[in-house]
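Hi,

Here is the structure I promised to pass along. Have a look at it first, and then read my notes below.

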Amino acid sequence: MLEISKPGMLTTVQDLGRPGYYHLGIPQGGALDRVSAIMGNLMVGNDDGAAVLECTYMGPVFTTDTPVEMAVTGAPVPVKVNGEERSMWTRHSLRPGDEVSFGVIQGGTRFYLAFSGGVDVPPALGSRSTYGLGALGGVDGKAVSAGDRLPIGMPGPLPPVGQLPADLLPVFRKEQTVRVVLGLYDHRLTDEGRRRLLEEEWTLTPVADRTGLRYDGPGVEWVEREQPFGAGQDPSNIVDAGYAVGSIQIPGGKQPIILHRDAVSGGGYAMVATVISPDLDLVARAAPGTKTRFVEVTHEEAVAARAETRELLNRAREVLAG
């Protein structure tokens, strides 16, 4: 067991999510920065989809009652075991009674704690991921609280190497270029509106969570039209449609919102573009104030980028295998 004495700001159990229920309004969810979560699992000998702890800004304080291997990945943060500093992106052996704590995050938003055997809370609809809005997964459908005791599963064999080199690690910058595929409703933007979306700079606001991230910027222009029945009066309104994960909405034409892994599956706002899947991890690493530019790519380029992410993880597996 991990015995939680302080929960941190928002610590949740996450794996790679529960696909297959989006048509019922239940999002896939899972770790927002999937690459960081998977790399942590690789270092401690887990399958990619083992459950980890996702920590937002401020990490928990906990002790363990059994020997366990731990890796901390994601946003840079000081790691302490019994008050002594430890490195991120390195496997650490914890002994019974060891207390783990964290300092102030030094960039980004979220970091991940992977344990050999994975966090073994009961699965819900095939996943241990916490979906707070639906009270599914995690610890009784909620974030971790003080006094919680989290079971750890049976560990497998550890890889020979327990550390990843710097050239494989994600970066956490104050400026980002986020790749998008335009559509389904980009035709509702004027030429000037499309230009602003793709050529101007946008700044991530503090309104950013697992559901979506809101950006400030120059705004966009919509093509004037008589709104169809049922679409509402705002020019960004449409008759309801399904949302892809990563969809970008611009309610009122003012502030773009990127729908992330816990977002609703449909609604009445036009989706002008969709962030490609590898860059959802990039967006998840952004802290408020991050300067962002959206760049259009083709479907073929998006598929190629996804293959590059798989190759990155394969390289990490090769390094850890020695």
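**Notes on the barrel and the overall fold**

Let me start with one hairpin: E13 and E14 pair in the antiparallel sense, with three bridges between them. Three residues separate the two strands of this hairpin. If you want a spot to click on, Ala-208 has Leu-213 in E14 as its bridge partner. Keep in mind throughout that this is a predicted model.

E13 also pairs with another strand. Strand E13 (residues 202–208) is joined by two bridges to strand E20 (residues 291–296), and the two run antiparallel. Here Thr-203 has Lys-291 of E20 as its bridge partner.

So much for the local view; now the ring these strands belong to. Which strands close into the barrel, and in what order? There are seven of them, in the order E12-E19-E16-E17-E14-E13-E20, and the pairing is mixed. From one strand to the next, the twist averages 40 degrees.

Another pairing in that ring is the one between strand E16 (residues 247–249) and strand E17 (residues 257–259): they run antiparallel and are joined by two bridges. Ile-248 has Ile-258 in E17 as its bridge partner.

There is a helix to look at here too. Helix H3 (residues 277–284) packs on the sheet, where it touches strand E12 (175–182), strand E14 (212–216), E17 and strand E19 (271–275). The direction of H3 makes about 145 degrees with that of E12.

Zooming out, the protein has four helices and 20 strands. The radius of gyration is 20 Å, close to the 20 Å that the globule rule gives for 322 residues, so the protein is as compact as a globular protein of that length. If you are setting up a box, the C-alpha trace spans about 65 × 40 × 30 Å along its principal axes.

A few totals for your files:

- Of the 322 residues, 52% count as buried.
- The protein exposes about 14,100 Å², and carbon and sulfur atoms supply 52% of that area.
- Taking contacts between residues at least 6 apart in sequence, 75% join residues at least 24 apart.

If you only have a minute, I'd go to E13: it pairs with E14 over three bridges and is joined to E20 by two.

Cheers

Methods
Residues are numbered from 1 along each chain as its sequence is written. This is a predicted model: local features need pLDDT of at least 70, side-chain atom pairs count only at pLDDT 80 or more; totals for chains, interfaces and linings use all residues. Side-chain values use heavy atoms; hydrogens and water are left out. Two strands pair if DSSP finds at least two bridges between them. Axes are lines fitted to C-alpha atoms, for helices over the stretch in contact, and angles run from 0 to 180 degrees between N-to-C directions. Contact means heavy atoms within 4.5 Å. The radius of gyration is taken over C-alpha atoms; the globule rule is 2.2 Å times the number of residues to the power 0.38. Buried means under 20% relative accessible area, exposed over 50%, partly exposed in between (1.4 Å probe, protein chains only). Accessible areas come from the Shrake-Rupley method with a 1.4 Å probe; for residues, only the protein chains shown count as cover.
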